[in-house]
Each structure stands twice: as structure tokens, then as C-alpha cells.
Amino acid sequence: MMTRRDAVKTTFLTTAAISTAALPGGLLGQGAPPTGPFKLPALPYAFDALEPHLDARTMEIHHDRHHQTYVTNLNKALEGQEALAKKTVEQLLRHIEDLPEAIRTPVRNSGGGHYNHSLFWQMLKKDGGGEPTGSLGKAIDRRFGGFARFKEEFSAAATKVFGSGWAWLVLEEKELKISSTPNQDTPLSQGRAPLLGLDVWEHAYYLKYQNKRADYIAAFFHVINWNFVAERFERYRA
Ligand code: MN3
């Protein structure tokens, strides 16, 4: 026979399981934290994994504080918005013009920040860099006239971002394009699939590179996770 204590425990566990299942974890599909539906994804490597190109202290502050702040503020923006809080961050950003006006800007900024950074960590890896091979490598050659030309164009786009923003390699109607966005705007909201992105906010590089954004851009090419970029290319061109 079930004691009252067991019954309480069972009820509690069942309720916990249901509420976790009912709330989507957002981008990476984790369970729901008590403070809101979205959660900071773990960095997929150690803070110092990308040394000497990206330093450990910058990675720690960038992930644990800056990215966490986007997540916290996105959750705040969605307080009391039950239906919207059940959507994924991609769904929110893809149809940003459909959101209630009062939360459109916070979702654009903090949701964009959460989404862009969640991708960014995965676009980097220890001992990354080099050049993409396979169909992505061929597509870059065809579109840009070789990897060196692609690198030049991407770096120029990253250099030209005025103030804070991102440079991107995107797929738009199955064509590769280089673009940039201001602030935390994401290509997703423009109907484009982001394949590779570079965060050129000063918080991404100032500790190590100070005002030398060009050195940071050059360093980025040593840590790109081309396998991840190629997987996204295959998924979105299909
Ligand atoms: Mn950032």
C-alpha cells in the first residue's frame, strides 16, 4: 500500500515531469529552469580551449555573463506570455513582426542575443580553422572564387560593422551570401539561414585585442568549426 508520504512524492514527481515536458527548453532542447523557458546552454568546450586565439577570461565573461543576461532578459520579456513562452527562440525570431508590440524589441534584442550566441559557441572549436571541404567547400569556391576571396569578403564585412553587431555567412534561397547585422539582430528574422557568424561586439575581444578588431577577425579563422557550418549548409540547402 502506498503511504501518504509516497503519494505526495509520486504526485510531486509527476507534476515536475509534466511541467518540464510542457515547457520547451528553447534552442538546444534542455529542460525548463524555474525562472523561465529559456536556459543558458553549456559551452561545448573549456573556457581555455580556444587559446591563444580567443582567451579564457573573455570566453568565460562572454558566455557566463553576457549570454546569461540575454537569456535572463528574454525570460523576463516573456513573463505572463504563456503561449509565446512555449515557442522556440527560432519561432519567435522568424516571425518577430507577429509579436505584441510591447515585447517585440526585447525579444529581438535578447532573443536574438540568445540565439546568435548559442550558434556562435558551436561555430568554434579547439584546433579548428583551415578550409571547408566537401560540398560547402565547392559552393564557397563557386560563389566567391575561392576560399581566400571568401575570407577577404567576410573579414571586410566584419570590419565594416559600425559599433556592435555580427558578420555572417548565410544561405538565402539556397545561395551563399555574406552579410552583417547590427546589435543582436539575426539573419533568421530576415528569412536567411545563418551558417557562420562572427560576434564583433567589443565584449567579444576587447580584453585581449583592445581596439584591434582586425586581429580578432584574423584569430577567428583559426578556431572555426567548419564541420558544424557544413552540417548547417547541408540542412538548409536540402
Ligand atoms: Mn557577444
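## Exercises on a predicted model

Lys151 lies over the face of Phe221, at 5.1 Å from the ring centre. Keep in mind that this is a predicted model. With that contact as a warm-up, let's work through five exercises.

### Exercise 1: Rings around Phe221

Find out which ring pairs with Phe221 edge-to-face, and where the two partners sit in the chain.

Solution, step by step:
- Begin with the total: the structure holds 13 aromatic pairs.
- One of them joins Phe221 to Phe154, with 6.0 Å centre to centre and 90° between the planes. An angle over 60 degrees counts as edge-to-face.
- Next, place the partners. Phe154 belongs to helix α7 (residues 147-160), while Phe221 is in the loop between α9 (213-220) and α10 (226-237). They are 67 residues apart, so this pair links distant parts of the chain.
- Now check burial. Phe154 counts as buried because its relative accessibility is 0%, and Phe221 counts as buried because its value is 5%.
- Finally, widen the view: ring pairs link Phe144, Phe147, Phe150, Phe154, Phe220, Phe221 and Trp226 into a cluster. One member, Phe144, has Arg143 over its face, at 5.2 Å from the ring centre.

### Exercise 2: A second ring pair

Decide whether the pair of Tyr205 and Tyr216 is stacked or edge-to-face.

Solution, step by step:
- Read the geometry: the centres are 4.8 Å apart, with 20° between the planes.
- Planes under 30 degrees apart count as stacked, and the Tyr205 and Tyr216 pair is indeed stacked.
- Tyr205 lies in the loop between β3 (193-199) and α8 (206-209), and Tyr216 lies in helix α9, so the pair ties together parts 11 residues apart in sequence.
- Tyr205 counts as buried because its relative accessibility is 4%; Tyr216 counts as buried because its value is 1%.

### Exercise 3: The metal site

Which residues coordinate the manganese ion, and how are they spaced?

Solution, step by step:
- Look for the donors: His62 (NE2), His117 (NE2), Asp199 (OD) and His203 (NE2) coordinate the manganese ion at 1.9 to 2.2 Å.
- Follow them along the chain, and the spacing reads H-x54-H-x81-D-x3-H.
- Check two of the donors for burial: both Asp199 and His203 are buried.

### Exercise 4: Strand β1 and its partners

Why can strand β1 be called largely enclosed, and which strands pair with it?

Solution, step by step:
- Count the buried residues: 8 of the 8 residues of β1 (residues 165-172) are buried, so the strand is largely enclosed by the rest of the structure.
- Sort the side chains. Gly165, Ala167, Leu169 and Leu171 point one way, Trp166, Trp168, Val170 and Glu172 the other way.
- Take the partner β2 (residues 175-182): it pairs with β1 in the antiparallel sense over 8 bridges. Leu171 stands opposite Leu176 in β2.
- Look at the turn: β1 and β2 form a hairpin with 2 residues between them, and Glu173 in the turn has a positive phi of about 50°.
- Turn to β3, which pairs with β1 in the antiparallel sense over 6 bridges. Here Gly197 is the bridge partner of Trp168.

### Exercise 5: The nonpolar core

Which two residues touch the most other members of the largest nonpolar core?

Solution, step by step:
- The core has 65 residues, and Phe150 and Leu196 touch the most other members.
- List some of the contacts of Leu196: among them are Met123, Phe150, Phe154, Trp168 and Val229.

Note on methods
Residues are numbered from 1 along each chain as its sequence is written. This is a predicted model: local features need pLDDT of at least 70, side-chain atom pairs count only at pLDDT 80 or more; totals for chains, interfaces and linings use all residues. Side-chain values use heavy atoms; hydrogens and water are left out. Donors are N, O and S atoms within 2.8 Å of the metal (3.2 Å for Na, K and Ca); water is not among the atoms, so sites may look incomplete. Buried means under 20% relative accessible area, exposed over 50%, partly exposed in between (1.4 Å probe, protein chains only). A nonpolar core is a set of buried Ala, Val, Leu, Ile, Met, Phe, Trp, Tyr and Cys residues joined through side-chain atoms within 4.5 Å. Contact means heavy atoms within 4.5 Å. Rings of Phe, Tyr and Trp (its six-membered ring) pair if their centres lie within 6.5 Å; planes under 30 degrees apart count as stacked, over 60 as edge-to-face and the rest as tilted. Helices (H or I, at least four residues) and strands (E, at least two) are DSSP runs, numbered from the N terminus. A charge sits over a ring if NZ of Lys or CZ of Arg is within 6 Å of the ring centre and within 35 degrees of the ring normal. Two strands pair if DSSP finds at least two bridges between them. Lists of a residue's contacts leave out its neighbours within four places in sequence.
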